Amino acid sequence: MALFVTISEDIKRAMLAKDKVALDALRGIKKEFLEAKTAPGGANLDADGELRDDKALQILQKLVKQRKESAEMYVSAGRQELANEELAQCHVIEQYLPAMMSEAELEAALKTIIAQVGATGPQDMGKVMGTATKALAGKAEGRMISAKVKELLAK
């Protein structure tokens, strides 16, 4: 699992550079990876007993989402300094995610999925979302996928 090793190496670099924000973010990532790796059932592991990359990407996306939501709450509570810290950690975590799809790329991919599934209207949203979230995992946020699917199925 290259991502797990990369995170471990980057923790060492952050310690040497005395980069507190990166170190906190990377330690949080590693903690989540270790918890997923030791979770009962072994569904998160590949044949070698390492954390699967798709599961690692899901964890990273979850961490980014959590940081953004926390930052929003801090801003609404008037705690901008805490929001800035959350957003800085979010930026560190996002560096390990693949590049997100543009809106045009997302629309094209969803049109293909809609055609494959044979969706004809809003009643088929569940079928499209099931396929789309698996196919576009790590490439687009679920919220964006959902909004674009609604828009395309309403046409």
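# A guided tour of a seven-helix chain

With the whole protein chain displayed as a surface, you are looking at about 9200 Å² of exposed area, of which carbon and sulfur atoms supply 56%. Keep in mind throughout that this is a predicted model.

Switch now to a cartoon view and follow the protein chain from its N terminus, where the elements run α-α-α-α-α-α-α, giving seven helices and zero strands. Along its principal axes the C-alpha trace spans about 55 × 45 × 25 Å, and 37% of the 155 residues count as buried. If you consider the contacts between residues at least 6 apart in sequence, 58% of them join residues at least 24 apart. Colouring by charge brings up 23 positive and 23 negative side chains, and the centres of these two sets lie 2 Å apart.

**First stop: the largest nonpolar core.** Select Ile7, Leu26, Ile29, Phe33, Leu60, Ile93 and Tyr96, which are the residues with the most contacts inside the largest nonpolar core, a group of 23 residues. Two or more residues of this core come from each of helix 1 (2–17), helix 2 (20–37), helix 3 (53–76) and helix 4 (80–94), and helix 2 provides the largest share, with seven residues.

Stay with two members of this core and show their surroundings. Leu26, once its neighbours within four places in sequence are set aside, is in contact with Ile7, Asp10, Ile11, Ala14, Val92 and Tyr96. Leu60 belongs to helix 3, and because its relative accessible area is 0%, Leu60 is buried. Apart from residues up to four places away in sequence, Leu60 touches Leu3, Ile29, Phe33, Ile93, Tyr96 and Leu97. Select Gln95 as well, and you will find its C-alpha atom separated by 9.9 Å from that of Leu60, although the two residues are 35 apart along the chain.

**Second stop: two loop residues.** Move to the loop between helix 1 and helix 2, where Lys18 is found. Is Lys18 buried or exposed? With a relative accessible area of 71%, Lys18 is exposed. Its backbone also deserves a look, since phi of Lys18 is near 55°, a positive value in a residue other than glycine. Most residues other than glycine have a negative phi.

Next, go to the loop between helix 2 and helix 3 and select Asn44. Here the relative accessibility is 16%, so Asn44 counts as buried, the cut-off being under 20%. Leaving aside neighbours within four places in sequence, the residues in contact with Asn44 are Ala36, Ala39, Glu50, Leu51, Arg52 and Lys55. With Lys55 the C-alpha to C-alpha distance is 6.3 Å, while the two residues are eleven apart in sequence.

**Third stop: the second core and helix 7.** A second, separate core has 17 residues, and to find part of it you can select Ala119, Met125, Val128 and Met129, which are among them.

Finally, select residues 142–154, which form helix 7, with 13 residues and a reach of 18 Å from its first C-alpha to its last, close to the 18 Å expected at 1.5 Å a residue. Which residues of helix 7 are buried? They are Ile145, Ser146, Lys148, Val149, Leu152 and Leu153. To see what lies over them, display helix 5 (103–117) and helix 6 (125–135), which are included in what covers these buried residues. As you look along the helix, recall that an α-helix has 3.6 residues a turn, so residues three or four places apart point the same way.

Note on methods: Residues numbered from 1 in each chain as written. Predicted model: local features only at pLDDT ≥ 70, side-chain atom pairs only at ≥ 80, totals over all residues. Heavy atoms only, no water. Core = buried A, V, L, I, M, F, W, Y, C linked by side-chain atoms within 4.5 Å. Buried < 20%, exposed > 50% of the residue type's maximum accessible area, 1.4 Å probe, protein only. Helix = DSSP H or I, 4+ residues; strand = E, 2+ residues; numbered from the N terminus. Contact = heavy atoms within 4.5 Å. Expected span 1.5 Å × (residues − 1). Areas by Shrake-Rupley, 256 points an atom, 1.4 Å probe, with all protein chains shown as cover. Lys, Arg positive; Asp, Glu negative; His and termini not counted. Charge placed at Lys NZ, Arg CZ, Asp CG, Glu CD.
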